[in-house]
Amino acid sequence: MSKRVLSGVRASGRLHLGNYLGAVSGMIELQNSNEYETFYMVADLHALTTPFDPEQLRVNRREVVRDYLACGLDPSKSVIFEQSDSYHAEFSFYLSSFMTVARMMHLPTYKDKVKQSPENASMALLNYPILMAADILAYKANAVPVGDDQMPHLEIAREIARKLNDAYGLDFPEPEQFKTKGHLVPSLTGMGKMSKSVEGSYILLTDSLDQINSKIAGVPTDSGQGSELPSDGGVNTLFELVDLFLGENKLQECKNAYLSTGLRYGDLKKEISESIYEFLRPIQERRLQISDDEVERVITAGAKVSREIVGSTISQLRVKMGLI
Ligand code: AMP
C-alpha cells in the first residue's frame, strides 16, 4: 500500500503566505509524487475552537476549497473534503479517552491561547490536538505537511498512535512532519509568526500589488547596517522573504551589504513585494475561474471517499474498544 498524507487548513479566513509556504506547497509536492495517497481537508471543525461567526464560517469553508484549487490541489490526484462532512468528530471522541486533561493543558499552544484570551478557552480548544490526531490517524497517514507551529500537536498524534498500537495491537503509523522550505514564515510585524489571528502580520494569497507594497513597506527596519545580522525582528522577516522569493544569491548580497556598505530598504522592499505578487498572480488568475459548482462537486466526491476510509478505521477501533 502506498503511503498516505493528511493535511488541512482551518476555515477561519482566506489563506496567507504562511499557510501556503508551510503547508500547501508541501501538500502539492506530495500530491504530485507517485508514492503517496493524499487527503486534504478544510478544517471547519477546528474553526470552532476559537470564536466564530456562523455565516462567515459558511463562506470560509468554501473559500478554502477555492484557494486549494487555485494553488494547484488537483481533485483527480487528491481527496479534497470538508472535515465536518466526515466522521472525524466521532473518532476524536474515542481518541480523547487515551489522553489526560493534564497532558492537554500543558501544551504550549493551549497555554498561549489561554493567555491571549482566557474567556475563550473552551473544551473545543483543549480538544484541538486530539481532533487533529483523529484527522491524521483516521487515514493512518504517515506524512503531514504542516508548519512548525503544529509540532506539539503532531507529537500528540504520535503519542496516541503508540497508545492504540500498544493497547490493541493496531497498526497506526507514527505520523511525521513533511517539512517545507517555508516551515516557519515570520510575521510582517517582526514578532512571532505570520498568523491569521494577528492583524498586520500576513499577506493574503488574494492581495493586490498595492496591498502587498503597503504591507511590506510597513515592516519595521533599522539603519540598514550593523556588525551582526539580526536573528529576529522586521529585518529578519525581510531576509526570510528574500530567501523564499528572490533566492539565496540575493540573500547573500543583502547580508553582505548589511555588514558592509549598508542596505537600502526602500529598493529592497519594492523588489520583495513585486516578487511576491508575481508568485501570487497565477494563483489569483486561476481562482477567478473556479465556479461554485466545481467547488461543490469536489467536496461532494471527497466526502464520499473520506467517509469510507474513516468509517472503516472507526469500526476497527470500536470492535477493540468493546463498542461492537
Ligand atoms: P491554520 O490556518 O492555523 O489552520 O494553519 C494551516 C497550516 O498553515 C498549518 O499547517 C500551519 O502550520 C501552517 N502555517 C500557518 N502559519 C504559518 C507560518 N507562519 N509559517 C509556516 N506555516 C504556517
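## Salt bridges within helices

A salt bridge is a side-chain nitrogen of Lys or Arg within 4 Å of a carboxyl oxygen of Asp or Glu. In this predicted model, Glu278 and Arg281 satisfy that criterion, with their side chains meeting at 3.0 Å, N to O. Both residues belong to helix H11 (residues 265–288), where they lie 3 residues apart, about one turn of the helix. Glu278 has a relative accessible area of 44% and is therefore partly exposed. Arg281, at 34% relative accessibility, also counts as partly exposed.

Helix H2 (residues 54–71) holds a pair with this spacing: Arg58 and Glu55 are 3 residues apart, about one turn of the helix. Their side chains form a salt bridge of 2.9 Å, N to O. Because its relative accessibility is 49%, Arg58 counts as partly exposed.

## A buried pair and a salt-bridge network

Helix H2 also contains Glu63 and Arg66, which are separated by about one helical turn because they are 3 residues apart. The closest N and O atoms of this salt bridge are 3.8 Å apart. Are these two residues buried or exposed? Both Glu63 and Arg66 are buried.

Glu63 and Arg66 also take part in a network of salt bridges, in which they are linked with Arg14, Asp67, Arg287 and Asp292. Across the whole structure, a search finds 26 salt bridges. Side chains of opposite charge can pair when their charged atoms come close.

## Domain arrangement

The domain assignment divides the protein chain into domain 1 (3–183 + 291–321) and domain 2 (209–287). Taken over C-alpha atoms, the centres of domain 1 and domain 2 are separated by 32 Å. To the contact, domain 1 contributes 13 residues and domain 2 contributes 9 residues.

## Nonpolar cores

In soluble globular proteins, nonpolar side chains tend to be buried together. The largest nonpolar core in this model comprises 58 residues, and those with the most contacts inside it are Leu17, Val24, Tyr68, Ile216 and Ile276. Helix H1 (residues 17–31) supplies the largest share of this core, 8 residues. At least three residues of the core come from each of domain 1 and domain 2.

Which residues does Leu17 touch, not counting those up to four places away in sequence? They are Met194, Ile203, Leu205, Phe245, Ile276 and Leu280. Apart from the largest core lies another core, of 40 residues, including Leu95, Leu125, Phe172 and Leu317.

## A buried glutamine in helix H1

Gln31 is located in helix H1. With a relative accessibility of 5%, Gln31 counts as buried, because buried means under 20% relative accessible area. Leaving aside residues up to four places away in sequence, Gln31 touches Thr38, Tyr40, Gly72, Leu73, Asp74, Lys77 and Ser78.

## A nonpolar surface patch

Nonpolar residues also occur on the surface, where Val319, Leu323 and Ile324 form a patch. Together, these three residues have about 290 Å² of accessible area. Val319 lies in helix H12 (residues 292–321). At 46% relative accessibility, Val319 is classed as partly exposed, because that class covers values between the limits of 20% for buried and 50% for exposed.

Technical notes
Residues are numbered from 1 along each chain as its sequence is written. This is a predicted model: local features need pLDDT of at least 70, side-chain atom pairs count only at pLDDT 80 or more; totals for chains, interfaces and linings use all residues. Side-chain values use heavy atoms; hydrogens and water are left out. A nonpolar core is a set of buried Ala, Val, Leu, Ile, Met, Phe, Trp, Tyr and Cys residues joined through side-chain atoms within 4.5 Å. Buried means under 20% relative accessible area, exposed over 50%, partly exposed in between (1.4 Å probe, protein chains only). Helices (H or I, at least four residues) and strands (E, at least two) are DSSP runs, numbered from the N terminus. Domain bounds come from an automatic or database domain assignment. Contact means heavy atoms within 4.5 Å. Patches are made of residues with over 30% relative accessible area and no salt bridge: like charges are joined within 9 Å, nonpolar side chains (Val, Leu, Ile, Met, Phe, Trp, Tyr) within 5 Å. Accessible areas come from the Shrake-Rupley method with a 1.4 Å probe; for residues, only the protein chains shown count as cover.
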